[in-house]
Amino acid sequence: MPAQPAPPAPARAHGAAAWALALAQWPMATRIALLALVPMLLLVGAGGLWLRVQMHQSLLASFEQVLRDKAQRVGARLHLGPQGGLRESTGGADEFSAIYAGWYWRAQTGSDVLRSRSLWDMDSLPAEPAPTTGSATLHRATGPLQEPLLSLAQPVSLGQPPVQVTLTVYGPAAQLHSSMRQIDRTLVVAGLVLMLLTGGLAWLQVRVGLAPLRRLEAMLAALRAPQGAGPDVARHLAAPTGRDLQPLQNELAGLLAHNAHVVARARAHAVDLNHALKKPLALLSAQASAQPQVPSSEVRHQVEAMAQLVDRYQARTLSDALHAHPGSTGQAVDVRDCVAQLLRMMERLHAAQELDWVLADATHGPLHWRGERADLEEVLGNVLDNAGKWAASRVRLTVSVSASMAAAAPLSAQGGAGHTCLCLDIEDDGPGMTPEQLQAAGERGVRFDESVQGSGLGLAIASQIVQAYGGQLQLRKSEALKGLGVRLEMQGLVTVARGKPG
């Protein structure tokens, strides 16, 4: 029959990959238990087999030595008679004297045979030609009473000139076989007990070793419950799970907290857009109720205002998406260019008030901030617009950098560039706020004067964006202009070249 060809190498590789994939889908506890039990099973099996062979060989070697000693003693009693036949010297009774005692010997030279008295009338005993397992010289035999025997054949030289005589000594093997079976039973029981103990230890290892994973799973399941941890994900995941899983727990806590923050911002966007759209819709509804027809210019004006609001919040949603994926953040923003454009826009927006818009720059050289330009414009636009509404004659914007925040890194030695935070101070000479108003100013929809146009969301939106960049918004009384002072600190890669003022 022709031999079957071996499967090609790609097929074998595919089979191995399929087996590895199937193994990877097993539960972790099963894989850990198998990794502990399978090597232990192989070790116990191989060790038990080796120990069995060694102990069997030791017993057989001891029995063989006993037969050699008896053969030497019997050989010393043998001699050749006057006619050249085998003779045994008379002596006292021994184990070979009692009939069918289990100990026998047989000596043969040519056709002359001499046997022990214990054999009585049996000329020879049937023996297996092959040596018994574990010994090279012992052979299995069957006694006169069908009892198991072990035999040893040894050459003996008698007379002058020497005559070679083959002396075969037989001994009872029942006790030896019983001892060997007892050894086998003991090894099997010991192996089973060891495997059970190993299985129990493997189960305990899996239970104890995977307990931190179960605790972490319980924590995550609690977050999905209706009465879960709520927005404070980091606090809920602060329970210790072990040093090995602590980095994973911290990463999960950070990821879930970030996702919760993004969801909260998305909800805030919806609320802000709802508040912002109410005013133009209310104006259109009021005009439609007061007169049969609403002027097209007014409708167009309000529709454009609503479209601008939709575009504005759409840009903020895109900014949130970029925060969720920091690698997609755009190019660094030129802070001075952005600030100059906003100030020019505010001059046109509040042209009727004839305000003096002052830009004070405490830095020198190029200044860039790593973030979204739309976010910077949103924050500054809200705060500057609020200052323009309340200022009497002057608004001042101061741009600076600071390394005072905990997350800021020290300036590097090359080129004077450093990782700091961007600081923007907006001050006006308006009426300012009382301490109670300063405390409530950041709340959504809070307005202190209904006669001034607005939705009460500007400072809340600015504070939310600043916090998204790891910064903070502070309200205080302006020491120089005596009005309201707003300080914005926003983290990001700030590049500023140190040098002397030009």
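This is a conversation between a student and a tutor about a predicted model.

Student: How do you know that strands β3 and β8 are paired?

Tutor: Two strands pair if there are at least two bridges between them, and β3 (residues 104-109) and β8 (residues 163-172) share five bridges in the antiparallel sense, so they count as paired. One of the residues involved is R106, whose bridge partner in β8 is T168.

Student: What makes β7 and β8 a pair as well?

Tutor: The reasoning is again that at least two bridges are needed, and ten bridges join β7 (residues 148-158) to β8, with the two strands running antiparallel. S157 stands opposite Q164 in β8, and in the hairpin of β7 and β8, which has four residues between the strands, G159 takes a positive phi near 75°.

Student: Why are β10 and β14 called edge strands?

Tutor: The open sheet has five strands in the order β10-β12-β13-β15-β14, with mixed pairing. β10 (356-361) and β14 (472-477) each pair on one side only, and that is what makes them the edge strands. On average, neighbouring strands of this sheet are turned by 15° against each other, direction ignored. Within the sheet, β13 and β15 run antiparallel and are joined by seven bridges, and D425 stands opposite R487 in β15.

Student: Which helices lie across this sheet, and at what angles do they run?

Tutor: Helix α8 lies across β10, β12 (394-402) and β13, running at about 170° to β10, whereas α9 lies across β10, β12, β13 and β15, running at about 15° to β13.

Student: How do you know how α8 and α9 are packed against each other?

Tutor: Two packed helices are described by the angle between their axes and the distance between the axes. For α8 (residues 335-349) and α9, the angle is about 40° and the axes are 10 Å apart, while the crossing is right-handed. Among the residues that meet are L342, L343 and M346 in α8, and L376, L380 and L384 in α9. By class, this contact of α8 with α9 has nine nonpolar, two polar and four charged residues.

Student: What makes the space lined by V383 and V486 a cavity?

Tutor: A cavity is a set of points where a 1.4 Å probe fits but cannot get out, so this space, being a cavity, is closed to that probe. The search of the whole structure finds one cavity of 30 Å³ or more, and the largest cavity has a volume of about 30 Å³. Its lining has five nonpolar, one polar and two charged residues, and α9 (373-390), β13 (421-428) and β15 (484-491) each supply at least two of the lining residues.

Methods
Residues are numbered from 1 along each chain as its sequence is written. This is a predicted model: local features need pLDDT of at least 70, side-chain atom pairs count only at pLDDT 80 or more; totals for chains, interfaces and linings use all residues. Side-chain values use heavy atoms; hydrogens and water are left out. On a 1 Å grid over the protein atoms alone, a cavity is a set of points where a 1.4 Å probe fits but cannot get out, and a pocket is an open set with protein on both sides within 12 Å along at least five of seven lines; lining residues have an atom within 4 Å of a point. Grid points are joined across faces, edges and corners, and a volume is the space filled by probe spheres set on the points. Ala, Val, Leu, Ile, Met, Phe, Trp, Tyr, Cys and Pro count as nonpolar, Asp, Glu, Lys and Arg as charged, and the others, Gly among them, as polar. Axes are lines fitted to C-alpha atoms, for helices over the stretch in contact, and angles run from 0 to 180 degrees between N-to-C directions. A crossing is left-handed if the near helix is turned anticlockwise from the far one by less than a right angle, and right-handed if clockwise. Contact means heavy atoms within 4.5 Å.
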